[in-house]
Amino acid sequence: MTDSSARPVAVFDLDNTLADTAHRQHFLENRPRDWNGFFGAAPADPPLAEGVTLALETARECEIVYLTGRPERCRRDTLDWLAAHGLPEGRVHMRGDTDRRPARFTKLEILRRLARGRTVRVLVDDDELVCDDAERAGFTVVRARWADRSAALEDAQEREGRT
């Protein structure tokens, strides 16, 4: 049952929605992929102005929730990055360290769980497959298309379930 008296929730992805991962894409270009290097470089991500502005504006009316495919082991770095860039406080949902399901499955599962107790006003994400599935499930979606696309990251999100 949805609590209609609570503020609605706006759900934001991190990588290539709020954080620019371009400087660490090279870790994903070779086989095997260097996941430790990729996630280890995340604290140096520059913020994406479009995403940050949208999060700050949305926070006026909604509770912000972050939904990322980053593994749980990255929580401290992620929380520090959000605070350092002035993003609104909010719960951060992360992938379990051993969860290798595609992001479209893990994220939709969490969105549905959030929607059981609250109104989810919007999902903001760069992953087209996540966005497609969320729209099919009835969620309002803003497609974050302000970062350069990365074929390696898209492959990792769908095939390797790493981000």
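This dialogue walks through the sheet, two helices, the cysteines and two loop residues of a predicted model.

Trainee: What kind of model is this, and how are residues numbered?

Mentor: The model is predicted, with local features needing pLDDT of at least 70 and side-chain atom pairs counting only at pLDDT 80 or more, while totals for chains, interfaces and linings use all residues. Residues are numbered from 1 along each chain as its sequence is written, and side-chain values use heavy atoms, with hydrogens and water left out.

Trainee: In which order do the five strands form the open sheet, and is the pairing parallel or antiparallel?

Mentor: Strands of a sheet pair through backbone hydrogen bonds, either parallel or antiparallel. Strands (E, at least two residues) and helices (H or I, at least four) are DSSP runs numbered from the N terminus, and two strands pair if DSSP finds at least two bridges between them. Here the order is 3-2-1-4-5 and the pairing is parallel. Strand 3 (91–95) and strand 5 (141–143) are the edges, each pairing on one side only. On average, neighbouring strands are turned by 20° against each other, direction ignored.

Trainee: How many bridges join strand 4 to strand 5?

Mentor: Three bridges join strand 5 to strand 4 (residues 120–125). Asp125 stands opposite Arg143 of strand 5.

Trainee: Which strands do helix 4 and helix 5 lie across?

Mentor: Contact means heavy atoms within 4.5 Å. Angles run from 0 to 180 degrees between N-to-C directions, with axes fitted to C-alpha atoms, for helices over the stretch in contact. Helix 4 (residues 103–117) lies across strand 1 (9–12), strand 2 (63–71), strand 3 and strand 4, at about 155° to strand 2. Helix 5 (residues 128–136) lies across strand 4 and strand 5, at about 160° to strand 5.

Trainee: Which residues of helix 4 are buried?

Mentor: Buried means under 20% relative accessible area, exposed over 50%, and partly exposed in between (1.4 Å probe, protein chains only). In helix 4, the buried residues include Leu108, Ile110, Leu111 and Leu114.

Trainee: How many disulfides does the whole structure hold, and why do Cys74 and Cys131 count as buried?

Mentor: A disulfide is a pair of cysteine sulfur atoms within 2.5 Å; the search finds zero. Cys74 counts as buried because its relative accessibility is 7%, and Cys131 because its value is 0%.

Trainee: Where do Asn16 and Pro32 lie?

Mentor: Asn16 and Pro32 lie in the loop between strand 1 and helix 1 (35–40). A cis peptide bond joins Arg31 and Pro32, with omega about -5°. Asn16 has a positive phi, near 65°, in a residue other than glycine, and is buried at 4% relative accessible area.
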